[in-house]
Amino acid sequence: MKFIDEFRNKEIAEGLIQKIRKTSTRPIQLMEVCGTHTVSIFRYGIRGLLPEQIRLISGPGCPVCVTPNSDIDFAIALCRQKDVILATFGDMLKVPGSTSSLQKEKAEGRDIRIIYSSLDALKIGKGNPGKKVVFFAVGFETTSPTIAVAILRTKEMGIPNLFFLNSQKRVPPALFALLQSPRIQIDGLILPGHVSAILGTAPYQFISKEFHIPAVITGFEPLDILQGIYLLVRQIEEKKPEIEIQYRRIVTEEGNPIARAKMDEVFEKDDGNWRGIGWIPESGYRFRETFNQMDARGFNVEVEPSREHPECLCGEVLQGIKTPLECRLFKKICHPENPVGPCMVSIEGTCHTFFKYQ
Amino acid sequence: MVRLSNHKRNYDTAPQATGERRRGGGGCSMCLGVPGKVLEIQKTTAKVDVGGFLREISLDLCPDVSVGEYVLIHTGFAIQKVDEKEAEEILDLLKKMAEAI
């Protein structure tokens, strides 16, 4: 596939690894924020190719993993209503809530539809006028503009029975929180390519300006990741932290202003609840007042009190403080067929990736 | 007429089984993006070729594209144009770097 295959060239990869070895003089820890990076890093064995002194740690980068179980419980309570059809992305089905999951509810006969695009929710809404259709909308800034488009179009077309359970997250405030209370040493950040395709570089400036940490917006193929790591090592060695773009074929300094305008039209910043981490200021969204009638949070349903498995370490794993190997549940009672915590559910969750590749 | 590959597939019913899943052996649909070539534009939608598969996508977030250009596709939306020149320049740079070692 064009723009993918050529970024998997082995000879160039070897050259980059040599270059990294020559440039790196001291032990460092780099965090990859995005789950797609974690998967690529394991899939191509990148950890094993790097000099021992460069350690890669995985961060909170998967919207499925960080959706709080109180929201999963809310979605479950909604789908148990007889007149509700719940629509969501396929990755959300297995995520454990406090006592159930959407997959279990679907097996019990609840009407839960898996959608691929936000716009599919509109079709379901229009096709089922006698039902209340709720789109359980999760995602980072890559996905949020597509949800904003769906909301704007719902309003335009007048689909009165379509509602949104909004659980989207904003990445930069989470990075700020992570860097502000450092329970781990981070020497450089591998920033997510597709979130940045929307955001551009401006929202990340605090990383280098306030925390003096280098950060590189990186693509997802092996050459992208190796070049991203090389650029980080170079910034660290030269002691010149900045926000650099490796993934130039997709990401520009200004990002996608049209997409950001759509988000601004529909949402305003709000505190966000991250599973395993907690509330982070301004890391989520709420509806602007004109769209309030579409907010499924206004539904009067009884939601069970949320609780997590007491031994689950997903919170620490999401912050890069612990690895899945330190969790007592890992591979014993927690595995992809019976996930206890969210990091085992998502294909991009750190525990799932460790399970598959380690 | 652009020739797509020979995969037999019902394009309308299996959108998520196409390029995005083939790309890297899986990944969460909420993070992945794949490049596709624009074949046809109709108002706010486009038909694109994603690694030999035909897909219909929304151009709401990336309206300024032309037939023949590549876009990055995420959950059925073009979210950014692919800059072919940048891609070539980076590959050239990396090749030269690898040769110099």
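A:Lys126 is partly exposed in this predicted model, because 14 other C-beta atoms lie within 10 Å of its own, a count that falls between the 12 or fewer of an exposed residue and the 20 or more of a buried one. Its place in the chain is helix α7 of chain A, which covers residues 118–127. A:Lys126 can also be located relative to A:Met157, which is 31 residues away in sequence and lies at a distance of 9.6 Å in space, taken from C-alpha to C-alpha.

Chain B has 101 residues, of which 43% are buried. Its secondary structure consists of 2 helices and 5 strands, and, read from the N terminus, these elements follow one another in the order α-β-β-β-β-β-α. Among the contacts in chain B with a separation of 6 or more, 40% are between residues 24 or more positions apart.

The two chains also touch each other, and the contact takes 50 residues from chain A and 37 residues from chain B. On the side of chain B that touches chain A, the elements in the table each supply at least two residues.

| Element of chain B | Residues |
|---|---|
| α1 | 19–24 |
| β4 | 70–74 |
| β5 | 77–81 |
| α2 | 84–100 |

Of these, α2(B) provides the largest share of that side, with 8 residues. By residue type, the side of chain B that touches chain A divides into 19 nonpolar, 13 polar and 5 charged residues.

Terms used
Residues are numbered from 1 along each chain as its sequence is written. Chains are lettered from A and ligands numbered from 1 in the order in which they are written. This is a predicted model: local features need pLDDT of at least 70, side-chain atom pairs count only at pLDDT 80 or more; totals for chains, interfaces and linings use all residues. Helices (H or I, at least four residues) and strands (E, at least two) are DSSP runs, numbered from the N terminus. Two residues are in contact if their C-beta atoms, placed from the backbone, lie within 7 Å. Ala, Val, Leu, Ile, Met, Phe, Trp, Tyr, Cys and Pro count as nonpolar, Asp, Glu, Lys and Arg as charged, and the others, Gly among them, as polar.
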